[in-house]
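Work through the exercises below with the sequence and the coordinates at hand, and attempt each task before reading its solution.

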Amino acid sequence: MVVFWFLLLALVVVVAAVTLFVGGGGVTLSAAEPERIAWPLPADRPAGRADVEAVRLPVALRGYRMAETDDVLDRLGAELAERDARIAELERALAGALAEAERSRKRDGGAAAPDTPERPERDERSGGAGA
């Protein structure tokens, strides 16, 4: 009978020790930080191709974190829209300069104006611009 009580007491001690060990003995862990973008887009300059390739969006329980993914995509969309607008503006300016140069050339009797931008000749063999 003594052996039974001894084994029962030993079992209670072991269960209590395991419970304290697993439960942390009253010590609680701090809340884990949610995963964030490891390599965010640069805030001080427009994002480049290398920046976009380096972005790794954090994964949540059921896929990507919607808010951070939307932020990255919104920023990229805004920067692309700004670049497209700048390209269109420069193309309009170039077309205006070329038209003005053409009018000036016709007005001067066919001689090319000295400040007229020249377009490079295409090299048919390489498919690129010639020198």
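**Exercise 1. Which element has the lowest mean pLDDT, and which the highest?**

Solution. In this predicted model, pLDDT is the predictor's confidence in each residue, from 0 to 100, and among the elements of the protein chain strand β1 (residues 59–60) has the lowest mean, 74, whereas α3 has the highest, 90. Over residues 124–131 the pLDDT is below 50, and beyond near neighbours in sequence this stretch has nine contacts in the model, a contact being heavy atoms within 4.5 Å. Helices (H or I, at least four residues) and strands (E, at least two) are DSSP runs, numbered from the N terminus. Residues are numbered from 1 along each chain as its sequence is written, and side-chain values use heavy atoms, with hydrogens and water left out. In this predicted model local features need pLDDT of at least 70 and side-chain atom pairs count only at pLDDT 80 or more, while totals for chains, interfaces and linings use all residues.

**Exercise 2. What span should helix α3 have at 1.5 Å a residue?**

Solution. The expected span is 1.5 Å times one less than the number of residues. For the 42 residues of α3 (residues 66–107) this gives 62 Å, and the end C-alpha atoms are 61 Å apart, which agrees. Just after α3, G109 takes a positive phi of about 90°.

**Exercise 3. Which residues of α3 are buried, and against what do they pack?**

Solution. Buried means under 20% relative accessible area, exposed over 50%, and partly exposed in between (1.4 Å probe, protein chains only). By this criterion the buried residues of α3 are E68, T69, V72, E79, A101 and S104, and the buried residues of α3 pack against β2 (63–64).

**Exercise 4. How are R75 and E79 placed in α3, and how do their side chains meet?**

Solution. Begin with the spacing: being four residues apart in helix α3, R75 and E79 are separated by about one helical turn. Their side chains meet in a salt bridge of 2.8 Å, N to O, where the term requires a side-chain nitrogen of Lys or Arg within 4 Å of a carboxyl oxygen of Asp or Glu. As for accessibility, R75 counts as partly exposed at 24%, whereas E79 is buried, with a relative accessible area of 12%.

**Exercise 5. Is D51 buried or exposed, and what does its side chain join?**

Solution. D51, found in helix α2 (residues 49–54), counts as buried at 18% relative accessibility. A polar contact of 2.7 Å joins the side chains of D51 and R45; such a contact is a pair of N or O atoms within 3.5 Å, of which, within protein, one must be able to donate a hydrogen and the other to accept it, and residues adjacent in sequence count only if both atoms are side-chain atoms.
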